[in-house]
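User: I've got this one loaded and I'd like to know what sits behind the labels. Can you walk me through them?

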Amino acid sequence: QDPVSRKYQLGPGWLQMAGLHLSGLQPVEIAKPHLLRLWADTNETINLSVQQELEVMRVLALESRMKVRVSSRLGEVAPLHCTAAGKVFLAFGPPALLDQAIAAGLEQRQPKAITDPIALREEIALTRRRRYGTDLEESDVDYSAVGAPVIDHDGRCVAAVAIAMPVRRYAEADVDALVGQLIDCVEAISAELGGRLPPAI
């Protein structure tokens, strides 16, 4: 507020707010062309998700053009432990995150969801070693997915990309080839953010 005229004008605070907003959009905007390419190459549903506390939230979705496909809704949330993207955050996020997820209780979303803490720790260790997580009817019926991390310049997992499809098509797919396409995608996005995926172990 101007002390003489008593009128209001934009101050430096709006720049800070705008910067925060743009920093939040940056991974999504950078990821878009890479996700479109992955979508065209695989003809499967492609999702980009972020972590919100102990949940994963979908912020971008490209649905498959095939008649039989899995649906994808923007803003949809699910627990970290039972989704491909969520397992990625547990594997590549802060070490305390997995402890927090276990302490909060592991919801049995579907019969195949991992609810045993020891089994989940083993699953997350496997996810970290091979650089991708899976969801094989753990979060929803007839839903399968593979997900991999997007790493920024600070080495943080800021998002996860997942390829999703019906279970039957996953069973018939060349999973190694699918994972290769997924890893190429997240490596390209990460490189634009100044980050790099750790090597597979």
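User: What makes E2 stand out in the lining of the second largest pocket?

Analyst: Strand E2 gives the largest share of that lining, 3 residues. Helices (H or I, at least four residues) and strands (E, at least two) are DSSP runs, numbered from the N terminus. Bear in mind that this is a predicted model: local features need pLDDT of at least 70, side-chain atom pairs count only at pLDDT 80 or more, and totals for chains, interfaces and linings use all residues. Residues are numbered from 1 along each chain as its sequence is written, and side-chain values use heavy atoms, with hydrogens and water left out.

User: Why is the second one called a pocket, and what is its volume?

Analyst: On a 1 Å grid over the protein atoms alone, a pocket is an open set of points with protein on both sides within 12 Å along at least five of seven lines, whereas a cavity is a set where a 1.4 Å probe fits but cannot get out; lining residues have an atom within 4 Å of a point. The second largest pocket has a volume of about 310 Å³, where volume is the space filled by probe spheres set on the points, joined across faces, edges and corners. It has 23 lining residues, with Arg58, Glu76, Thr83, Ser139 and Tyr143 closest to its centre.

User: And what about the largest pocket: which residues lie nearest its centre?

Analyst: Those are Pro27, Asp152, Arg156, Cys157 and Val158, out of 15 lining residues. Its volume is about 390 Å³, and H1 provides the largest share of the lining, 3 residues.

User: How do you know that Arg65 sits over the ring of Trp39?

Analyst: The rule wants NZ of Lys or CZ of Arg within 6 Å of the ring centre and within 35 degrees of the ring normal. Arg65 lies over the face of Trp39 at 4.4 Å from the ring centre. Arg130 does likewise over Tyr132, with its charged end 4.4 Å from the centre of the ring.

User: Why is Gln110 called buried?

Analyst: Buried means under 20% relative accessible area, exposed over 50%, partly exposed in between (1.4 Å probe, protein chains only). Gln110 comes out at 17%, so it counts as buried. Gln110 is in the loop between helix H3 (95–104) and helix H4 (117–130).

User: What does Gln110 touch?

Analyst: Leaving out residues up to four places away in sequence, Gln110 touches Glu137, Glu138, Ser139, Asp140 and Val141. Contact here means heavy atoms within 4.5 Å. Ser139 also turns up among the residues closest to the centre of the second largest pocket.
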